[in-house]
Amino acid sequence: MCGIAGFCSFKADFLQEPGRWPRALVRMRTAIAHRGHDQTGEYLQHNVGLAHTRLSIRDLRGGAQPMLRRRGESDYGIVYNGEIYNADELKQELLRRGYHFETTCDTEVILCGYMEYGMEIAKKLNGIFAFAIWDEKRNTLFLCRDRLGVKPLFYAVKGDTLVFGSEPKALFAHPLVHPEADLDSFREIFGLGPARTPGCGVFRGLREVRPGCIVEYSRKNVQEYSYWTLEAKPHTDSYARTVETVSWLLHDAIQRQLVSDVPVCSFLSGGIDSTVVTAIACRQLQSEGQTLNTFSFDFTHNDTCFQSNAFQPTRDRPYVDLVLGLYPLHHTYLECDETTLADLLEDAVRIKDLPGMTDVDASLYYFCGLVKQHNKVALTGECADEIFGGYPWFYREDLFYADGFPWSADLSARTALLSDEAIRILQLEDYMNEQYRDTLARVPALPEEHGDALRRREMGFLNLRWFMQTLLDRMDRTSMAWGLEARVPFADHRIVEYVYNVPWEMKYEKGMEKKLLRDACKDLLPPQLLYRKKSPYPKTYSPVYEALLAKRFRQILEDPQAPVHRFLDRKKAERFLEQPKDYGKPWFGQLMAGPQMIAYFLQINYWMKQYNIT
């Protein structure tokens, strides 16, 4: 994994100011240097500048970027962040077509693939990626992002200049781009956050290349178009055949994602998703004489403070111990204490450039830093719930039929601390409904699907388009903040395409969530883990953490200069602080309840202050 940045203008000549624009490129890639400290590089020509900071995973000695190839009188250049899991197959195809390779890295495969196929190369890639390609012959810059949006890529158009980067902070290092906000920015934060509308960068004028899309910038214009979309198809496989297909796809995805020139580890929560990934990876590495490193996460005092609820019925530790008795793993238990967690809330904003999933982001950031001390690449179990229907809103009627985003069904929790004036101006309900309806209008479905069948399609698409994006965004920033590459085998597009068309009756066979996935993995896990009730990423239930948040929030209430006062109602906030917090009633997803509402406002205040948002 890496960080990429750059700019392009067809009315400027960046070589006319030899000092200014090289410095701009260095500033931009320095702003995201945390994404990879192994190597850096810049490329500057009349109309374009490219910058790269590298985390070396494949071809550790070669593969420097920006990577250039020349054909005739024209340069072709690429900066790339990601991992291509079918690079070897594509390379063989290109060798047969006469190409010669100077490295063993996948970057060169993408660039040569572009020279042969144009941007059709995107359709051939299996992997996670965000890249920019400069085609001097066509005088065109292409920005491309993987199908599911695992890797980020932001851009802004300022006058006749397009500026891009892996994270917003890279763009803010360019002289034309500044962190600004408008009403829609705050509608995103208060109404939808920590989710974001697809393509929206929250800051005014900031866009993100949408998953499965290409942005093409030429002398004519800027245009974004899709190279991949989900398709609704009839599912004709029997249940047995479906189980077999899912098993094969999952094994193939995990085995492909073990490709690396440095050791790979895995996150092991004790849930079915991460355990399946760990088990398959362990077996593969064991056959090669290697032992898989694994890591689990929890919080200090959860052994005494844990509160079972509908969303988080059990702790993870006993199930991790169970896995360790089954597979030869080198495991490390990691814990985070309450003060560290509270102190990292601001760091979590800095790494994301936005308020986020509060202590979930903060803790994952902390844990990734510890994992990076041992490994540079980690496999995770992210995305299985969105694809296989593991969340309660897939099967709980009150959430399934909710007229809105099911993970944010209760708007009242979001407005509980806002002033009446802020509520009136922001019109959050209208904004949320607009985004929700727009997504429903794009749902791929069969003509004959109506009623519950159509709602099943809608629920699957909503989760892929929104909720999964939020978790992938979280995973990328918290891991890449330390230069740790996180891979997500469940987000293999082949799995998504296949399972999207599997009927709900198969996914929820015999009334059990994710039964299809469980049956596809029954040879890997014992029954007590295979049929364990879903439990999400852990969070702290310690009253110490809640008290720390309340203390810091009161300091904001007493500070008349705190920027979040523009939206807060102080009396409402004080009443909220005095009420007992219901950990089992989240206002976003399954983890963000009462304490996380306080933490979210702490993050919003810090974000406004840190980025000088007015």
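Contact here means that heavy atoms lie within 4.5 Å of each other. Keep that in mind while touring this protein, which is a predicted model.

## The whole protein

The secondary structure comes to 26 helices and 17 strands. The radius of gyration is 24 Å, close to the 25 Å that the globule rule gives for 614 residues, so the protein is as compact as a globular protein of that length. Along the principal axes, its C-alpha atoms fill a box of roughly 70 × 60 × 50 Å.

Buried residues make up 65% of the 614 residues. Of the contacts between residues at least 6 apart in sequence, 73% join residues at least 24 apart. The accessible surface comes to about 22,800 Å², and carbon and sulfur atoms account for 48% of that surface. As for charge, there are 75 positive and 82 negative side chains, and the centres of the two sets lie 2 Å apart.

## Helix H12 and its surroundings

How many of the eight residues of H12 are buried? Six are, so this helix is largely enclosed by the rest of the structure. The buried ones are Leu345, Asp347, Ala348, Val349, Ile351 and Lys352. Their cover includes helix H5 (168-172), H11, H13, helix H19 (451-480), H24 and H26.

Just after H12 comes Asp353, in the loop between H12 and H13. Asp353 has a positive phi of about 70° although it is not a glycine. Is Asp353 buried or exposed? Its relative accessibility is 0%, under the 20% limit, so Asp353 counts as buried.

## Helix H24 and helix H26

H24 covers residues 543-557, and its 15 residues reach 21 Å from the first C-alpha to the last, close to the 21 Å expected at 1.5 Å a residue. Its buried residues are Tyr545, Glu546, Leu548, Leu549, Ala550, Phe553, Ile556 and Leu557. They pack against helix H11 (338-343), helix H12 (345-352), helix H13 (358-372), helix H25 (570-578) and H26.

One residue to look for in helix H26 (residues 594-610) is Asn605. At 5% relative accessibility, Asn605 counts as buried. Leaving aside neighbours within four places in sequence, Asn605 is in contact with Ile556, Ala562, Pro563 and Val564. One of these partners, Ile556, is also among the buried residues of H24.

## A residue in helix H4

Ile121 is found in helix H4 (residues 121-124). With a relative accessible area of 1%, Ile121 is buried. Beyond its neighbours within four places in sequence, Ile121 is in contact with Ile110, Gly113 and Tyr114. Ile121 and Asp13 are 108 residues apart in sequence, and their C-alpha atoms are 30 Å apart in space.

## Backbone details in the loops

Two cis peptide bonds are listed here.

| Peptide bond | Omega |
|---|---|
| Gln65 to Pro66, cis | near 0° |
| Gly193 to Pro194, cis | near 5° |

Where do these prolines sit? Pro66 is in the loop between strand E3 (48-54) and strand E4 (67-71). Pro194 is in the loop between helix H6 (183-192) and strand E10 (207-208).

Asn139 is another residue to find: its phi is near 50°, a positive value in a residue other than glycine. Asn139 is in the loop between strand E6 (127-135) and strand E7 (140-145).

Definitions and conventions: Residues numbered from 1 in each chain as written. Predicted model: local features only at pLDDT ≥ 70, side-chain atom pairs only at ≥ 80, totals over all residues. Heavy atoms only, no water. Helix = DSSP H or I, 4+ residues; strand = E, 2+ residues; numbered from the N terminus. Rg over C-alpha atoms; globule rule 2.2 N^0.38 Å. Buried < 20%, exposed > 50% of the residue type's maximum accessible area, 1.4 Å probe, protein only. Areas by Shrake-Rupley, 256 points an atom, 1.4 Å probe, with all protein chains shown as cover. Lys, Arg positive; Asp, Glu negative; His and termini not counted. Charge placed at Lys NZ, Arg CZ, Asp CG, Glu CD. Expected span 1.5 Å × (residues − 1).
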